[in-house]
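Got your viewer open? Load the model and follow along, one selection at a time.

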Amino acid sequence: MQKKFNYIGPTLLALAVAIGIFIGGKLHFNDTPEKLFSTNSKKDKLNRLIDYIDYEYVDDIDTDSIVDVTVNNILGKLDPHSVYIPKNEMRQVSENMKGDFVGIGISFYMYRDTITVIRAIKNGPSYISGIKPGDRILLANRDTLFGKRIPNNEIVSRLKGKAGTKVDLKVFRKSENRLLSMTVTRDRVPIKSVDAYYMITRDMGYIKINRFAESTFDEFKDALRKLKLRGAEKLVLDLRDNPGGYLGIAEKLADEFLVDDKLILFTKNKKGKIKKAFATKKGGFEEKPVYVLINERSASASEIIAGALQDNDVGTIVGRRSFGKGLVQREMDLGDGSAVRLTVSRYYTPTGRSIQRSYKNGSKDYYQKFMDRYSSGELVSVDSIKVADSLKFVTPKGKIVYGGGGIIPDEFVPIGSNEEEAINSMDDTYEFFSRFIFEHLEKDRSQYSEYSKNEFLEDFRVDDILFDQFIEFVLNRKIKLNFYEQEERIKAYLKANIAEQLFSPNVAAQIKGEYDPMLDKVRELDAESQFETSEEVLGLKD
């Protein structure tokens, strides 16, 4: 029996947002550890209870797990964004926020129980060693990497290692029907936070950022430099679905658009100490048109940038109301490899807005209020956003802005229809478009060998045969949609996924950008701006 595809599961969405949203920082206490963690009766009580369970309880108990539960329960009483990171998760979390890891540099699928390379990361270890899309990695240092019972994390751990160490691979290359022996030297592999960048028009660039990690600002500057060389005098900064990251990185990025000494934000801790961040002389895109895209899953550092620009009357914020997180966390080591991210202050936009939503009724209510946005209609109509007049603020040029639950954009763009959002969700889930195209390419990659990147963009069209094959692929996964009503969009997404696996995410983003309502709104606003400028030049405007 087929079931209707639910384009966004609000519960899963809220859970993903809860996990993903945080603002990082480094711990810099002036007090010594001895002074900070001196003995007191409250800690003695907890320590004594754990000792009793360790030595006296009738059954053997993993007290580490009890401690983890206790820490989570304590943090859960504080606010929704103070979180505990267990020891076994710290490495992955650290790599994600550092922006790189040590490995061989491939993206892959398990295809018929075998690691099959989707793409070797350009200029990474595998790319340099000659590994190609479609290669099957069978052995690593004589360890078997194929078979149903090998979990994904174990495969990854066998391919990771210390920088400079070598791993001997046995690779089957299907296109040549032969087994190859290859030695790859492990090295640092970037985890990109800039998903894509390209030119939308002859003078407007586009940059998509998925989080604010240590490497994000450098990635952004590199993308911006390349776009400026191509003629970018305007910029679209896409922060949709960006859950945040390091506060300092957000400040540096906002500085790129603000002239000297403009206030970016200020923070206030429990003692009332205020710390202000101002723009410097380093900005590389000051006094130029910028459009910032946000949606209901843009949070934290994303909101800092949107708020800083909006409150300084710089650029245009386009999209839907952002998540509403105005708390700052610092990561604190617990001494056993685990850590907590503890809320240490609140941040405020330049006009003094706090955009943090209330959590006085606990985390469950906090995320329920977020999910209520779907039923209240605010994702469809800006008029459905209800904000108290007491949260009204005014920018230097007289624009009305609001605090208390996210950044309300200057230009509202409603969420798409259920069918459109279903397709977007399928594109975000690797088991649909990406998986289908991967299997399609596995049958015969040579059919695309004659295309250059530009030729593919200009000339390639998805035919009805591939479209019908995709429908069958999706139907076999018990998903039902009105496919033919969305034929043009689906074919564009199929083309984009082929482009991503053959060329790069930049090409894929460029293709999908033609079917993006928020980018359509940007094009419309840019055209209006050019028309108004022409009127002023001709003296036709009062």
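Helices and strands here are DSSP runs, numbered from the N terminus: helices are H or I with at least four residues, strands are E with at least two. This is a predicted model, where local features need pLDDT of at least 70, side-chain atom pairs count only at pLDDT 80 or more, and totals for chains, interfaces and linings use all residues. Residues are numbered from 1 along each chain as its sequence is written, and side-chain values use heavy atoms, with hydrogens and water left out.

**Stop one: a loop**

Select Lys 478, which sits in the loop between α15 (464–475) and β25 (479–480). Its phi is near 65 degrees, a positive value in a residue other than glycine. Is Lys 478 buried or exposed? Lys 478 is partly exposed, with a relative accessible area of 46%; buried means under 20% relative accessible area, exposed over 50%, and partly exposed in between (1.4 Å probe, protein chains only).

**Stop two: β5, β6 and β7**

Now pick β5 (106–111) and β6 (114–120), and the loop between them, where you'll find Asp 113. Asp 113 has a positive phi too, near 70 degrees, and at 32% relative accessibility it counts as partly exposed. Two residues separate the strands of this hairpin, and Arg 112 takes a positive phi near 50 degrees there.

The strands β5 and β6 pair in the antiparallel sense over six bridges; for two strands to pair, DSSP has to find at least two bridges between them. Show Phe 108 and you'll see it opposite Val 117 in β6. Then add strand β7 (residues 136–140), which runs antiparallel to β6 and is joined to it by two bridges. Here Ile 115 stands opposite Ile 137 in β7. How many of the residues of β6 are buried? Six of its seven, so to speak a mostly covered strand.

**Stop three: a six-strand sheet**

Colour β12, β13, β14, β18, β19 and β24, in that order: they make an open sheet of six strands with mixed pairing. At the edges stand β12 (194–199) and β24 (411–412), each with a single partner strand, so one side of each has no neighbour in the sheet. Further in, strand β14 (residues 234–238) and strand β18 (residues 290–294) run parallel, joined by four bridges. Leu 237 is the one to click, standing opposite Val 292 in β18.

**Stop four: another hairpin and a positive patch**

Next, select strand β16 (residues 263–269) and strand β17 (residues 274–278), an antiparallel pair with five bridges. Lys 268 stands opposite Ile 274 in β17. This hairpin has four residues between its strands, and Gly 272 takes a positive phi near 85 degrees.

Keep that view and add Lys 270, Lys 271, Lys 273, Lys 275 and Arg 330, which form a positive surface patch. Patches are made of residues with over 30% relative accessible area and no salt bridge, with like charges joined within 9 Å and nonpolar side chains (Val, Leu, Ile, Met, Phe, Trp, Tyr) within 5 Å. Lys and Arg count as positive and Asp and Glu as negative, while His and the chain ends are not counted. The place of a charge is NZ of Lys, CZ of Arg, CG of Asp or CD of Glu. Accessible areas come from the Shrake-Rupley method with a 1.4 Å probe, and for residues only the protein chains shown count as cover. Arg 330 is found in strand β20 (residues 327–333) and is partly exposed at 32%.

**Stop five: two more patches**

For a negative surface patch, select Asp 51, Asp 54, Asp 62, Asp 64, Asp 333 and Asp 336. Asp 51 lies in helix α3 and is partly exposed, with a relative accessible area of 39%.

Switch to Tyr 57, Val 58 and Ile 61 for a nonpolar patch with about 320 Å² of accessible area together. Ile 61 is in the loop between α3 (41–56) and α4 (63–76).

**Last stop: salt bridges**

A salt bridge is a side-chain nitrogen of Lys or Arg within 4 Å of a carboxyl oxygen of Asp or Glu, and the count comes to 33. Try Asp 203 and Lys 234, 3.5 Å from N to O. Asp 203 lies in the loop between β12 and β13 (204–209) and Lys 234 in strand β14, so the pair ties together parts 31 residues apart in sequence. Both Asp 203 and Lys 234 are buried.

Finish with Arg 321 and Glu 378, whose closest N and O atoms are 2.5 Å apart. They link distant parts of the chain, 57 residues apart, and both are buried.
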